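The following exercises concern a single structure and are each accompanied by a worked solution. Please inspect the sequence and the coordinates before reading on.

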Amino acid sequence: MIRFEHVKKTYGKTTVLNDLSFEIPEGEFTVLIGPSGCGKTTTLKMINRLIQPDEGRIIVNGKDTATVNRVELRRSIGYVIQQIGLFPNMTVAQNICVVPKLLKYKKEDCDKIVHDLLEMVNLPYDQYAHKYPSELSGGQQQRIGVLRALAASPPIVLMDEPFGALDPMTRSVLQEEVRKLQKKLGKTIVFVTHDMDEALNLADRIIFMEQGHIAQMASPEEMLENPADDLIRSFMGKRIQDSEPIELTAADFMRTSVYSVPLSKGVRACTERMARHHVDSLLVVRADDTYAGTISVADIKKYGKPGGSIDDIMSTTNTVSYVDEDARECFDKLVSSGDSYVVVLNKDDTVAGIVTKTSMAKAMADALWGETSA
């Protein structure tokens, strides 16, 4: 449990947090969101005493943090940031077990932790434990950053925009993985983001902050249904719509920022493109730009050979929809297929974008809200 009691923080004449009071129950996934400068990151950093309040108290698991040794407090709270901060001279296994080793865990216990955590995010121990950060994609590095925060089994994990630098496809997959980990392990997670889609996808409860105070604290459903003020409505980029419901198609909620590779390219070119853009998969297109399939890191590692062609190893089984297909049909395809995304095609079979679970949540909101005028 985390409780803020009348917390205040100022820098010079600027008040960053003003009489902030709220409580986060044990095991809840809470997202802090709001415009730049609203105090959300300051709030997060106060939980593990990276920033000290000028007034008020912060209670963590029944103890006033001001009375707890900072080092001991931080070793009991996981912390994940956007920059990841993996140690480049350490292997994946060594990075994951930094805190357990500081806490004097036995070697066999550390090995078990690494095995178990890597398995949870589908990174086989034999394949990844002894790699160095430079050998991983951006998404894989961020996974290791999350696992490192969980390694000593802290009851609380703080996450400060951890996926902000990742491409939409990888970001969506990691959001799902973190949510599953939180549910499985029962951790209390406090997550900072500026992305309302991410907040809606992850949170049990959203705390919307404005100028150092809480403008609204509510479940995602309640905040969508009853935004407390125009600021929240504006920040979400939506307004309540009085007209009849819109008939949505796949095109209305697909993401267009995707990475592709020509079918003519070889395995080496694919791996270089994935590494350059920090993604785990690419869409494959023919010479006429029509969609041919997908190629992933897993496909290359299982079937690929250096200098070989991707024609024989790419997957052609990923679910597809067309831009004018009914949104419900696209939704059903994504849920029933188990794929991470649906590939959306134009009428001429060229790639238009992808649909993820996060973009589906946004589409559901769009059925109730319209775009705010500039």
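The side chains of Thr30 and Glu28 are joined by a polar contact of 2.8 Å, where a polar contact is a pair of N or O atoms within 3.5 Å, of which, within protein, one must be able to donate a hydrogen and the other to accept it, residues adjacent in sequence counting only if both atoms are side-chain atoms. The model is predicted, so local features need pLDDT of at least 70 and side-chain atom pairs count only at pLDDT 80 or more, whereas totals for chains, interfaces and linings use all residues. Residues are numbered from 1 along each chain as its sequence is written, and side-chain values use heavy atoms, with hydrogens and water left out.

**Exercise 1. Describe the surroundings of Thr30.**

Step 1. Locate the residue: Thr30 lies in strand 3. Helices (H or I, at least four residues) and strands (E, at least two) are DSSP runs, numbered from the N terminus.

Step 2. Assess its accessibility. Thr30 has a relative accessible area of 0% and is buried; buried means under 20% relative accessible area, exposed over 50%, and partly exposed in between (1.4 Å probe, protein chains only).

Step 3. List the contacts, defined as heavy atoms within 4.5 Å. With neighbours within four places in sequence set aside, Thr30 touches Ile24, Ile189, Val190, Phe191, Arg205 and Ile207.

**Exercise 2. Determine which parts of the chain the salt bridge of Arg205 and Glu28 ties together.**

Step 1. Establish the interaction. The side chains of Arg205 and Glu28 form a salt bridge at 3.0 Å, N to O; the criterion is a side-chain nitrogen of Lys or Arg within 4 Å of a carboxyl oxygen of Asp or Glu.

Step 2. Place both partners. Arg205 belongs to strand 9 (residues 205–210) and Glu28 to the loop between strand 2 and strand 3 (29–33), so the pair connects parts that are 177 residues apart in sequence.

Step 3. Check accessibility. Arg205 is buried at 17%, and Glu28 is buried at 13%.

**Exercise 3. Examine two salt bridges that lie within helices.**

Step 1. In helix 5 (residues 107–120), Asp116 and Lys112 are 4 residues apart, about one helical turn. Their side chains meet in a salt bridge of 2.7 Å, N to O. Asp116 is partly exposed at 30%, while Lys112 is exposed at 51%.

Step 2. In helix 11 (residues 230–235), Arg233 and Asp230 are 3 residues apart, about one turn of the helix. The closest N and O atoms of this salt bridge are 3.6 Å apart. Arg233 is partly exposed at 22%, and Asp230 is exposed at 58%.

Step 3. Set these pairs in context: the structure holds 15 salt bridges. Elsewhere, a network of salt bridges links Arg3, Glu5, Arg57 and Asp64.

**Exercise 4. Derive the layout of the sheet with the order 2-1-4-5.**

Step 1. Identify the sheet. It is open, has 4 strands and shows antiparallel pairing; two strands pair if DSSP finds at least two bridges between them.

Step 2. Find the edges. Strand 2 (14–24) and strand 5 (63–64) each have a single partner strand, so one side of each lacks a neighbour in the sheet.

Step 3. Follow one pairing. Strand 1 (residues 2–11) pairs with strand 2 in the antiparallel sense over 7 bridges, and Lys9 stands opposite Leu17 in strand 2. The hairpin of these strands has 2 residues between them, and there Gly12 takes a positive phi near 65°.

Step 4. Add the helix. Helix 1 (residues 40–47) lies across strand 1, strand 2 and strand 4 (55–60), at about 120° to strand 1. Axes are lines fitted to C-alpha atoms, for helices over the stretch in contact, and angles run from 0 to 180 degrees between N-to-C directions.

**Exercise 5. Analyse the sheet with the order 12-13-14.**

Step 1. This open sheet has 3 strands with mixed pairing. Strand 12 (260–262) and strand 14 (291–296) are its edge strands, each pairing on one side only. On average, neighbouring strands of the sheet are turned by 35° against each other, direction ignored.

Step 2. Strand 12 and strand 13 (residues 281–285) pair in the parallel sense over 3 bridges. Pro262 has Val285 in strand 13 as its bridge partner.

Step 3. Helix 12 (residues 267–277) lies across strand 12, strand 13 and strand 14, running at about 130° to strand 13.
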